[in-house]
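Biologist: Please take one strand of this model and describe it closely, together with the parts around it. I would like the cut-offs stated as each term comes up.

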Amino acid sequence: MTFPGRDDIPLDPATVAELLTFRCGGQSYGIDIMAVREIRGWSEPTPLPHAAPFMRGMVNLRGAVLPVMDLAQRLGQARTVDDPRNVIIVVQDGRRVHGLLVEAVSDIVHPGADQLQDVPPAGPEEPGTMAERLFILDDEMIQVLSTSRILPAVCSARAENGT
């Protein structure tokens, strides 16, 4: 697990104080609350031509353009059905800010270090998973997602220019 925006600094699982849990693709996930900037209601994004299928488009966030991704699609599940009850979780990883379209926000939880478990390897050819850790809450498995892994990669030339 890493500190948001600082991929080079490992975060001791014992120091994870709070996770925001939510439903996406019929499953439960969590994300470090320190990566969450805000939670906003659903608004239809403006599509972008030639964008990845999981990118739903852009929305206006107080005068700034916010890219919105369908987290279920990003995780290899079916496209999230448009529903006014959906929410967009605005997350930040370093200088990258994205909206994550999810079905619903559930709760803020404080799992203990003894509750967090490593994600088992998916296979020898699989470079990794988007989940960093797992824990069980009320007989349901919660996958703790890595913000740096779920956000799309930034072209190195753009990253060097600070965009």
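Modeller: What follows starts at strand E7 and moves outward to the cores and the salt bridges.

This is a predicted model, in which local features need pLDDT of at least 70 and side-chain atom pairs count only at pLDDT 80 or more, while totals for chains, interfaces and linings use all residues. Residues are numbered from 1 along each chain as its sequence is written, and side-chain values use heavy atoms, with hydrogens and water left out.

Strands (E, at least two residues) and helices (H or I, at least four) are DSSP runs, numbered from the N terminus. Buried means under 20% relative accessible area, exposed over 50%, and partly exposed in between, with a 1.4 Å probe and protein chains only. Strand E7 covers residues 64–70, and five of its seven residues are buried, so the strand is largely enclosed by the rest of the structure.

Two strands pair if DSSP finds at least two bridges between them. E7 pairs with strand E6 (residues 55–61) in the antiparallel sense, over six bridges. Within this pairing, Val-59 has Leu-66 of E7 as its bridge partner. The two strands form a hairpin with two residues between them, and Arg-62 in the turn has a positive phi of about 50°. E7 also pairs with strand E9 (residues 96–102), in the parallel sense and over three bridges. There, Asp-70 stands opposite Leu-101 of E9.

Asp-70 also takes part in a network of salt bridges with Arg-56 and Asp-82. A salt bridge here is a side-chain nitrogen of Lys or Arg within 4 Å of a carboxyl oxygen of Asp or Glu. The count by this rule is seven salt bridges. Another joins Glu-140 and Arg-23, at 2.6 Å from N to O. Glu-140 belongs to strand E13 (residues 140–145) and Arg-23 to strand E3, so this pair ties together parts that are 117 residues apart in sequence. Glu-140 is partly exposed at 33% relative accessibility, and Arg-23 is partly exposed at 25%. Asp-93 and Arg-96 form a salt bridge as well, at 3.0 Å from N to O. Here Asp-93 is buried at 7% relative accessibility, and Arg-96 is buried at 18%.

A nonpolar core is a set of buried Ala, Val, Leu, Ile, Met, Phe, Trp, Tyr and Cys residues joined through side-chain atoms within 4.5 Å. The largest one has 21 residues, of which Phe-22, Ile-31, Leu-71, Ile-89 and Leu-100 touch the most other members. Two or more residues come to this core from each of strand E3 (19–24), strand E4 (27–32), helix H1 (71–74), strand E8 (87–93) and E9. A separate core of nine residues includes Val-59, Leu-66, Val-68 and Val-90.

Contact means heavy atoms within 4.5 Å. Leaving aside neighbours within four places in sequence, Leu-71 is in contact with Phe-22, Cys-24, Leu-100, Leu-101, Val-102, Leu-145 and Ile-150.

Rings of Phe, Tyr and Trp (its six-membered ring) pair if their centres lie within 6.5 Å; planes under 30 degrees apart count as stacked, over 60 as edge-to-face and the rest as tilted. One aromatic pair is found by this rule. Phe-22 and Tyr-29 make up this stacked pair, with 6.1 Å from centre to centre and 25° between the planes. Phe-22 is buried at 0% relative accessible area, and Tyr-29 is buried at 2%.
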